[in-house]
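Me: I would like a close look at one part of this model, taken slowly and with the cut-offs spelled out. Please describe how that part is built and what lies against it.

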Amino acid sequence: MPGYVFILVLLLLMWFVLIRPRRRWQTEQQRMINSLEVGKEIVTAGGLYGTVTRLEDDEVRIRIAPDVEVRVAKRAVAGVISPDVELDAAEEPEKESAANLP
């Protein structure tokens, strides 16, 4: 009898350590893909940054440079770039350069 309890506890531990976090990640990824809109800036799994120009069934068209538009799978979208992150990164060099002035 105690052997069965040990196996059951081990299975429950595997559920909480492996399966549950993966399902949570998949849910968040699907929610992010469903929230895509034209005009949002994204980054792909391959590292391309661009702005969404058109949404199709399983594809997204993104502009990565002026007059350069590429087609990527929706599942290849790794994240939506937050404007707040860009502003923070842009402000940091100004603070550093101001600190170096005599």
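Reply: What follows describes one helix and the strand that helps to cover it. The model is predicted, so local features need pLDDT of at least 70 and side-chain atom pairs count only at pLDDT 80 or more, while totals for chains, interfaces and linings use all residues. Residues are numbered from 1 along each chain as its sequence is written, and side-chain values use heavy atoms, with hydrogens and water left out.

Helix α1 covers residues 2-34, where helices are DSSP runs of H or I with at least four residues and strands are runs of E with at least two, numbered from the N terminus. Its 33 residues should span 48 Å at 1.5 Å a residue, and the end C-alpha atoms are 47 Å apart, which agrees; the expected span is 1.5 Å times one less than the number of residues. A kink of about 40° is centred on W15, the bend being the angle between axes fitted to the seven residues ending there and the seven starting there.

Q29, M32 and I33 of α1 are buried, that is, under 20% relative accessible area, with exposed over 50% and partly exposed in between (1.4 Å probe, protein chains only). What covers the buried residues of α1 includes strand β5 (77-80).

Within β5, A78 is partly exposed at 46%, whereas G79 is buried at 15%. Leaving aside neighbours within four places in sequence, A78 is in contact (heavy atoms within 4.5 Å) with Q29, M32, V43, T44 and A45, and G79 is in contact with M32, I42 and V43. A78 and A45, 33 residues apart in sequence, have C-alpha atoms 4.9 Å apart.
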